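Reader: Hello! I am new to reading protein structures, so could you walk me through this one in small steps?

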Amino acid sequence: MSSTGLREIPLARPFLDEREEELVLEVMRSGRLSLGPTIDRFEEMVAERVGAPYAAAVSSGTAGLHLLARAAGLGPGDEAITSPVSFAASANCFMFEGATPVFADVDRRTWNMDPAAVEAAITERTRAVVAVDMFGYPCELDEIRALCERHGLVLIEDAAEALGAEYRGRPVGGNGVSAVFGFYPNKQVATGEGGVVVTHSEEEWKLVRSLRNQGRDYDGGAWFHHVRLGFNYRWTDVHAAIGIGQLEKLDRLLAMRSEVAARYGRLLKNVDVELLCPDDAEHRRSWFVYVIALPAGSDRDFVMAELRAAGIGTAEYVPCVHLQPYMREAYGFAEGMCPVAEDIASRTLALPFFPQLEAQDQERVVDALRRTV
Ligand SMILES: Cc1ncc(COP(=O)(O)O)c(C=O)c1O
């Protein structure tokens, strides 16, 4: 209960039912808790869903991105370009390998990296670009891919927030670029923890399978035979069971999310806030979180405190990655590097958003917001 005596409305909540319970129980009874057939089945389902030939499940989205950075051979002295409006893992994944982060400012409409800013950030040390489909909205993949080809750069798609999105009529992950999805509980497919790498290269797939499993041969092989330095980024069959239940109803989950988003759109019509950009012919968002931007000059802390006092979950979504304390300390990054991203990030906040969010709760959220904005 909140201080007003009203029921709390959380920011996110997974939608799980008897099907996941049944599938988890099957795995528990099978005794195959890791490296088992349930993971294989999950990978097949993801690959089919997004239209990629290969998928390799890993322990998190971050782990998947790290393995793609390792597979790309990034290292000290290299630079990699990514978006300042993202989660830290988009940059951390190549920093783990010793590469230096470079941030390209975002487009004011889509809040994804502006291809012109990416091109302007390329130097003779640039080796890779991590393009992010932020808040489930597909990035300008074709333009970024074309400039990566022109400059001989590796392209990795951080689609952690975008399972179910479509770019130019194809599912995100099915466009020929190696991509990663994540399954944290607020994601479209929620398994607790987990991630998956989808790739169009058999060689890369084998490498990722080997790297996730302590550098063993990609197909397992002898347990104490390690062909390279690897990680324990294995997933579990218990998580995969939940994932299969979620994938089986993904269309329904996405439709429920879209409906909740559309209802917020109607309710917020006369409230002075900026909404996420709408779909167009080439971009179809997969609704992940419901983020709004307050008008310039608003006191966001006050708005968030008022929402919380009314029992409504909210969070800053998201502070700029380049302005995080560890980035400032390591590279001397400061305000002014990415003005569009910094302006957006200073005004955004997330409202409660999940498939089963009820209309009356959304009305309560918007009423509270209207009173404070
Ligand atoms: C854009 C983005 N990239 C990467 C990740 C990392 O995923 P995980 O939390 O599964 O490691 C997230 C997760 O929130 C994300 O939103």
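Reader: Let us begin with His239: is His239 buried, exposed or partly exposed?
Author: Happy to start there, and please keep in mind that the model is a predicted one. The relative accessibility of His239 is 24%. Buried means under 20% and exposed means over 50%, so a residue at 24% counts as partly exposed.

Reader: Where does His239 sit, and which residues does His239 contact beyond its neighbours within four places in sequence?
Author: His239 belongs to helix α8. Setting aside the neighbours within four places in sequence, the contacts of His239 are Thr191 and Glu193.

Reader: How many Å separate the C-alpha atoms of His239 and Val27?
Author: Along the sequence, these two are 212 residues apart. In space, the C-alpha distance between His239 and Val27 is 9.6 Å.

Reader: What is the C-alpha separation of Met28 and Val238?
Author: Met28 is part of helix α1, residues 18-30. With a relative accessible area of 53%, Met28 is exposed. Met28 and Val238 are 210 residues apart along the chain, and their C-alpha atoms are separated by 7.3 Å.

Reader: Stepping back, how many helices and strands does the protein have?
Author: Both kinds of element can be counted along the chain, and the protein has 13 helices and 13 strands.

Reader: Why is the protein said to be as compact as a globular protein of its length?
Author: For 373 residues, the globule rule gives 21 Å. The protein is as compact as a globular protein of that length because its radius of gyration is close to that value, at 21 Å.

Reader: What share of the residues counts as buried?
Author: For a sense of scale, the C-alpha atoms fill a box of roughly 65 × 55 × 40 Å along the principal axes. The protein exposes about 15600 Å², and carbon and sulfur atoms supply 51% of that area. Of the 373 residues, the share that counts as buried is 57%.

Reader: Among contacts between residues at least 6 apart in sequence, what percentage joins residues at least 24 apart?
Author: Here we look just at contacts between residues at least 6 apart in sequence. Of these, the part that joins residues at least 24 apart is 70%.

Reader: How far apart are the centres of the positive and negative side chains?
Author: The protein has 38 positive and 55 negative side chains. The centres of the two sets lie apart by 3 Å.

Reader: In what order do the strands of the three-stranded open sheet come?
Author: Strands of a sheet pair through backbone hydrogen bonds, either parallel or antiparallel. In this open sheet the pairing is antiparallel, and the order is β10-β12-β13. The edge strands, each pairing on one side only, are β10 (274-275) and β13 (348-351).

Reader: Which residue of β13 stands opposite Ile292?
Author: β12 covers residues 290-293 and pairs with β10 over two bridges, with Ala293 as the bridge partner of Glu274. β12 is joined to β13 by four bridges. Opposite Ile292 in β13 stands Leu349.

Reader: Which residues cover the two faces of β13?
Author: Both faces are covered, and the four residues named here are all buried. One side has Thr348 and Ala350, while the other has Leu349 and Leu351.

Reader: Which residue in β9 stands opposite Val58?
Author: Strand β1 spans residues 54-58, and four of its five residues are buried. Five bridges join β1 to β9 (residues 195-199), and the two strands run antiparallel. Opposite Val58 in β9 is Gly195.

Reader: Which elements do the buried residues of helix α3 pack against?
Author: Helix α3 (residues 61-71) is mostly covered, with eight of its eleven residues buried. Among the buried ones are His66, Leu67 and Leu68. The packing partners are β1, α4 (89-95), β5 (154-158), β8 (178-182), β9 and α7 (202-212).

Reader: What is the phi of Leu35, and where does Leu35 lie?
Author: Leu35 is not a glycine, yet its phi is positive, at about 50°. At 39% relative accessibility, Leu35 counts as partly exposed. Its place is in the loop between α1 and α2 (37-50).

Reader: What is the phi of Gln214?
Author: Gln214 lies in the loop between α7 and α8 (237-248) and is partly exposed at 30% relative accessibility. Gln214 is a residue other than glycine with a positive phi, near 60°.

Reader: Last one: what is omega for the cis peptide bond joining Tyr317 and Val318?
Author: Val318 is found in the loop between α10 (300-309) and α11 (325-331). For the cis bond that joins Tyr317 and Val318, omega is about -5°.

Definitions and conventions. Residues are numbered from 1 along each chain as its sequence is written. This is a predicted model: local features need pLDDT of at least 70, side-chain atom pairs count only at pLDDT 80 or more; totals for chains, interfaces and linings use all residues. Side-chain values use heavy atoms; hydrogens and water are left out. The radius of gyration is taken over C-alpha atoms; the globule rule is 2.2 Å times the number of residues to the power 0.38. Buried means under 20% relative accessible area, exposed over 50%, partly exposed in between (1.4 Å probe, protein chains only). Contact means heavy atoms within 4.5 Å. Accessible areas come from the Shrake-Rupley method with a 1.4 Å probe; for residues, only the protein chains shown count as cover. Lys and Arg count as positive and Asp and Glu as negative; His and the chain ends are not counted. The place of a charge is taken as NZ of Lys, CZ of Arg, CG of Asp or CD of Glu. Two strands pair if DSSP finds at least two bridges between them.
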